[in-house]
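Student: Could you take me through one part of this model up close? I'd like to see how a single strand ties in with its partners.

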Amino acid sequence: MDNPYFHKPNVYGFHNVTDTTQQLLTPQLNHISMKLLPFPLLSERSHVKQEMICNESTVSNCDKTFCECTHVVQIPLNAVVEMILIDKGFAYDANHPFHLHGHSFRVIGMEKVGKNVTVDKIVELDEKNLLLRNLENPPIKDTVTVPDGGYTIIRFVASNPGYWLFHCHIEFHVEIGMSLVFKFGEHEDMPPVPDGFPKCGNYDVVDHPSIVESIWSSLFSSSSSIPQIQFITFCLALIILRVLR
Ligand SMILES: [Cu+2]
């Protein structure tokens, strides 16, 4: 797939890169790359509008073209959730360790089906009751891997209201969008935002003179524990100024 951040179609497209080891793959969830909103969902939830968020039901053709949006899946508060995570495994061999914020979960099943697998195949196995499910003392985790060409089944009670990130814990994967946000419950179920809680964009250093004073005093204080680092930083700033002039 041509992820426009890495591969420009007709210039440096994914398939124009003939050395397949140099093609940059785009790990996604449900064919969507996560793009976070420019403000926090939980503490500024009053600004979240339906048209700002997406999920599998609001997008189309994403298995052919690059789709990027704020991927939010709504779950009713206190619902018992069973999630079957599938790694189709067609692109390359890699397990994805998935981490859920805000809840721990029971791992009730995990199996590598083959080198790769389709969602239809997993659905078919599930309908025939052929997916592995262990309901006797299944382990409690907050991170679990999904085998390449297989599935992992987790269950939990959605008892912690809020917007919670669910993501692959491979740093590069989460950074380029292999995540989604679960919205557990409605806004009124979520804890109230404390009075005066900072909002994105409202920080102004001039409103906090004590911070400015402490920075200056530590820069020139002989009792500072890191005088050399401060000196070097200051010198670098001077050098840059000279170069600019
Ligand atoms: Cu991953």
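Tutor: Let's look at strand S3 and the strands beside it. First, a caveat: this is a predicted model, where local features need pLDDT of at least 70, side-chain atom pairs count only at pLDDT 80 or more, and totals for chains, interfaces and linings use all residues. Residues are numbered from 1 along each chain as its sequence is written.

The protein chain comes to 4 helices and 11 strands; these are DSSP runs, helices being H or I with at least four residues and strands E with at least two, numbered from the N terminus. S3 covers residues 68-75 and pairs with S1 in the parallel sense over 2 bridges, where two strands pair if DSSP finds at least two bridges between them. In that pairing, Ser 33 has Glu 68 of S3 as its bridge partner. Strand S2 (residues 53-54) is also parallel to S3, again over 2 bridges, and there Ile 53 sits opposite Thr 70. Then there's S11, residues 179-184, which runs parallel to S3 and is joined to it by 4 bridges; here Val 72 faces Val 181.

Just before S1 (33-34) comes a segment that holds His 31. His 31 isn't a glycine, yet its phi is positive, about 65°. His 31 is partly exposed, with 17 other C-beta atoms within 10 Å; the cut-offs are 20 or more such atoms for buried, 12 or fewer for exposed, and partly exposed in between, with C-beta atoms placed from the backbone. For the whole chain of 245 residues, 19% count as buried.
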